[in-house]
Amino acid sequence: MEVACGVSAKMSQQKSSFAATIDKTVADCNDRLLWVPYSKDKLTKQAARVLIEQWSSFTRHSRQCWAFVVGNCPIVEVRKFIVTENLYEEEAQEGHSHFEILARMGMALGLTRNEIVNAKPLPTTMVAMHAWEALTKNRTWYEGLAAKSVLERTNNPNCGNFSHYQAEHWMRQLGLTKEDTEFWWMHDSVDQIHGDGSLKLLEHYLTTDAEKKAALRAAEESMMAWQVYFDGFYYEGLRRTAARG
């Protein structure tokens, strides 16, 4: 699939210093996440349910943040990419939105649809969502795009391959099927397109050092929010698992 209306064809095959810095920021954050080693061998259904509940708020809030980036962006090519890949593909397809697929995974873990839809965000989830809202609504379009695109690059093989490993861990430890874990497998696939496309657009349209510096800072701040978000349901998962006995 071509991304960004042919922009990819103009890009060098060698990773730029900008792209390398983005990927290092994401990979370093992945290495700091307490959830990553925990979910590898110690994952419980109680902790997995916490993640589902918190992702319920995040995945719906994420569409709002992408809309802010579109609203701030004067470049048609960038807007078309975001609308097609991050708004229509992720939310507008009837019965196959990312939220619906997440809900199915949650119900496979014993949650009801009502518990998923109306799950109360943890304080850490609220703080993270406020950070992403500020980064996308109150900054330049390219800072917002950088802040959102790094969340997708968490699924890049060079940055942690997060969803791929989560799919494997959830199947092995929780007894879920590949169909049950479609949410993870889907992100493992589509975020390669989304994350790469956004990064190529940033590389193409950011022409000054000041713009690149601002985008890299926004990416770093977004990863700070990602860690706050994950640490919240890691600790809540531990608490609920202990309470279960």
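# Exercises on helix 12 and its neighbours

Arg239 has a relative accessibility of 48%, which places this residue in the partly exposed class. That value, like every other one below, comes from a predicted model. Let's work through the structure together.

## Exercise 1: An overview of the fold

Describe the secondary structure of the protein chain and say how much of the chain is buried.

*Step 1.* Begin with the elements: there are twelve helices and zero strands in the protein chain. Read along the sequence, the pattern is α-α-α-α-α-α-α-α-α-α-α-α.

*Step 2.* Turn to burial. Of the 245 residues in the protein chain, 53% are buried.

*Step 3.* Look at how far the contacts reach. Among contacts in the protein chain with a separation of 6 or more, 81% link residues 24 or more positions apart.

## Exercise 2: Salt bridges around Glu236

Find which residues form salt bridges with Glu236, and classify each residue as buried or partly exposed.

*Step 1.* Take Arg239 as one partner: its closest N atom to an O atom of Glu236 is 2.7 Å away. The pair lies in helix 12, with a spacing of three residues, or about one turn of the helix.

*Step 2.* Now take Arg240, whose side chain meets that of Glu236 in a salt bridge at 2.9 Å, N to O. Here the spacing within helix 12 is four residues, again about one turn.

*Step 3.* Recall the helix geometry. An α-helix has 3.6 residues a turn, so residues three or four places apart point the same way.

*Step 4.* Classify the residues. Glu236 is buried because its relative accessibility is 14%, below the 20% cut-off. Arg240, at 26%, is partly exposed, and Arg239, at 48%, is partly exposed too.

## Exercise 3: Glu221, Arg217 and a network

Work out how Glu221 and Arg217 are placed in helix 12, and which network they belong to.

*Step 1.* Check the contact: a salt bridge joins the side chains of Glu221 and Arg217, with an N to O distance of 3.1 Å.

*Step 2.* Locate the pair. Both are in helix 12 (residues 209–244), and because they are four residues apart, about one helical turn separates them.

*Step 3.* Compare burial. Glu221 is buried, with 19% relative accessibility, whereas Arg217 is partly exposed, with 40%.

*Step 4.* Widen the view. The whole structure holds 13 salt bridges. Through shared salt-bridge partners, Arg139, Glu143, Arg217, Glu220 and Glu221 form one network.

## Exercise 4: Helix 8 against helix 12

Determine how helix 8 and helix 12 are oriented to each other, and name residues where they meet.

*Step 1.* Two packed helices are described by the angle between their axes and the distance between the axes. For helix 8 (residues 123–137) and helix 12, the axes come within 8 Å and cross at roughly 165°.

*Step 2.* Apply the cut-off: angles over 145 degrees count as roughly antiparallel, and helix 8 and helix 12 are therefore roughly antiparallel. The crossing of helix 8 past helix 12 is left-handed.

*Step 3.* List some of the meeting residues. On helix 8 they include Thr125, Ala128 and Trp132, and on helix 12 they include Glu221, Trp226 and Tyr229.

*Step 4.* Zoom in on Thr125 in helix 8. At 0% relative accessibility, Thr125 is buried. Apart from neighbours within four places in sequence, Thr125 contacts Gln54 and Tyr229.

*Step 5.* Follow Trp226 outwards. Not counting residues up to four places away in sequence, Trp226 touches Cys29, Leu33, Trp55, Phe58, Trp132, Leu151 and Thr154. The largest nonpolar core has 71 residues, and Trp35, Trp55, Trp132, Trp170 and Trp226 have the most contacts inside it.

## Exercise 5: Helix 4 against helix 6

Establish the orientation of helix 4 and helix 6, then find which residues of helix 6 are buried.

*Step 1.* Read the geometry: helix 4 (residues 45–72) packs on helix 6 at an angle of about 175°, and their axes are 10 Å apart. Helix 4 is therefore roughly antiparallel to helix 6.

*Step 2.* Name the meeting residues. Helix 4 brings Ile52, Trp55, Ser56, Thr59, Arg60 and Arg63, which meet His98, Phe99, Leu102, Met105 and Gly106 of helix 6.

*Step 3.* Check burial. In helix 6 (residues 98–108), the buried residues are His98, Phe99, Ile101, Leu102, Ala103, Met105 and Gly106.

*Step 4.* Finish at the end of the helix: just after helix 6, Gly110 has a positive phi of about 100°.

Notes:
Residues are numbered from 1 along each chain as its sequence is written. This is a predicted model: local features need pLDDT of at least 70, side-chain atom pairs count only at pLDDT 80 or more; totals for chains, interfaces and linings use all residues. Side-chain values use heavy atoms; hydrogens and water are left out. A salt bridge is a side-chain nitrogen of Lys or Arg within 4 Å of a carboxyl oxygen of Asp or Glu. Helices (H or I, at least four residues) and strands (E, at least two) are DSSP runs, numbered from the N terminus. Buried means under 20% relative accessible area, exposed over 50%, partly exposed in between (1.4 Å probe, protein chains only). A nonpolar core is a set of buried Ala, Val, Leu, Ile, Met, Phe, Trp, Tyr and Cys residues joined through side-chain atoms within 4.5 Å. Contact means heavy atoms within 4.5 Å. Axes are lines fitted to C-alpha atoms, for helices over the stretch in contact, and angles run from 0 to 180 degrees between N-to-C directions. Angles under 35 degrees count as roughly parallel, over 145 as roughly antiparallel, 65 to 115 as roughly perpendicular and the rest as oblique. A crossing is left-handed if the near helix is turned anticlockwise from the far one by less than a right angle, and right-handed if clockwise.
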